[in-house]
Amino acid sequence: MAAGNTYTQIASTTLGSSSTTINFTSIPSTYTDLVLVLQGTANSNYWDLYVRFNSDTASNYSVTRLFGNGSTAGSNRLSNDTLIQTTYYGNLGTGQSTQILNVMNYSNTTTNKTMLVRANNAANGVDASAGLWRSTAAITAINLLMFSGGSFQAGTTASLYGITAA
Amino acid sequence: MPMLGIMASAISGNLWAPGKDFDSIATVTATGSSATISFTSIPSTYRHLQIRVTGGISYSSNAYDALAIQFNSDTTTTNYNQHYLAGSGSSAYAGNYTSVRNAATWMIQSNTGIFSPGVIDILDYANTNKNKTVRSLSGIDFNTDGEIFFNSTLWMNTAAITSISLVSASGVFLNNSSFALYGAK
């Protein structure tokens, strides 16, 4: 069996001021999977996190979600969307929230792209989701977005890691 | 740096070694002809294992099905137990199995151009004083259907895990399905 170090930080940012977007661009194709860890706050409570790949704004996205808020568990699906809404209860607010995205086999050009997401907001709830981007293009950019007045706040951190299989 | 030297000499056990704590051990890529993939001769030098999956199965009767996980070729169903929490896209549900069935991750059927992702963590796998536990998160979404699946599996055996098999009961793994085994120190 081959053994080699893998799990490399590709890029990381700490916001110095509020922003509605966090973009990772020029992602190299040299890894097998990507892991994106976002930890931070929003300007007020209950702001959802949205994800796009390669800035594609067409209706190529869908997501199946599981969520709970301490008293209720549920599941839903968003289809033919223009982005992936990864959060339901595990959204961002004035308390700290953690979002972890696993983007699998992101640079292959044969299959559509899938990701697993864990979203955690201790003040509100937790989510898990499976997202799909119906494109066989290699992912070279990940766009984290907020809409309708929501914004990531200063101090929010986002780190992108690459994992390489043997 | 003097401060680092003082700290290092005062600490017993392993010190953090940057950049060498998550290793790729082996990867199996399916060729479309087998319903079982296996990792064998797994070294005991790590603390935890992680399997990262992207793949599908040739299952014609339903949109998707789950895999079984087996350790050290142990097929005694009563040695395994599992609890899960899942979402179907319309409701959440939970349950348990006393079986190797449904113990690992969901896989999507063929001909959709979509592979299912899964991340399976096998904790303290080489410890001979504990029964072994697994947690996984896997999911499927293909726009009109899907599933998201949290799982906890118990293997009631204190033996060190030296081999792992993922078994599809419903069809072979599709060509280019990938199963990557990592070790975390």
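How many bridges join strand β5 of chain A to β8(A)? Select residues 50–53 of chain A, which form β5, and then β8(A): two bridges join these strands, and they run antiparallel. Please keep in mind throughout the tour that the model is predicted.

**The open sheet of chain A**

Remain on this pair and select A:Val51; its bridge partner in β8(A) is A:Ile84. Next, extend the selection to the whole sheet, in which four strands of chain A lie in the order β3-β12-β5-β8. The sheet is open, and its pairing is antiparallel. Which strands of chain A stand at the edges? They are β3 (21–24) and β8 (84–85), each of which pairs on one side only.

**The nonpolar core**

A:Val51 also leads to the next stop. Together with A:Leu36 and A:Ile142, A:Val51 is among the residues with the most contacts inside the largest nonpolar core, a set of 88 residues. Strand β4 of chain B (residues 64–71) supplies the largest share of this core, namely six residues. In soluble globular proteins, nonpolar side chains tend to be buried together.

Now select A:Leu36 and display its surroundings. Leaving aside residues up to four places away in sequence, A:Leu36 touches A:Leu101, A:Ile142, A:Ala158 and A:Leu160.

**A loop residue**

Move to A:Ser148, in the loop between β12 (142–145) and β13 (157–163) of chain A. Is A:Ser148 buried or exposed? A:Ser148 counts as exposed because it has 7 C-beta neighbours inside 10 Å, and a residue with 12 or fewer is placed in that class. Select A:Trp47 as well: the two residues are 101 residues apart in sequence, while their C-alpha atoms are 8.9 Å apart in space.

**Where the chains meet**

Display both chains and select the contact between them, to which chain A gives 40 residues and chain B gives 38 residues. On the chain A side, at least two residues come from each of β1 (4–5), β6 (61–68), β7 (73–81), β9 (97–104), β10 (113–121) and β11 (125–133). Colour β7(A) separately, for this strand gives the most to that side, with seven residues. By class, the chain A side holds 15 nonpolar, 20 polar and five charged residues.

**Chain B as a whole**

Finally, select chain B alone. Its secondary structure consists of one helix and twelve strands, and, read from the N terminus, the helix precedes the strands. Of the 185 residues in chain B, 43% are buried. Among the contacts in chain B between residues at least 6 apart in sequence, 77% join residues at least 24 apart.

Note on methods:
Residues numbered from 1 in each chain as written. Chains lettered and ligands numbered in written order. Predicted model: local features only at pLDDT ≥ 70, side-chain atom pairs only at ≥ 80, totals over all residues. Contact = placed C-beta atoms within 7 Å. Nonpolar A, V, L, I, M, F, W, Y, C, P; charged D, E, K, R; others polar. Pairing = 2+ DSSP bridges. Buried ≥ 20, exposed ≤ 12 C-beta atoms within 10 Å, placed from the backbone. Core = buried A, V, L, I, M, F, W, Y, C linked by C-beta atoms within 7 Å.
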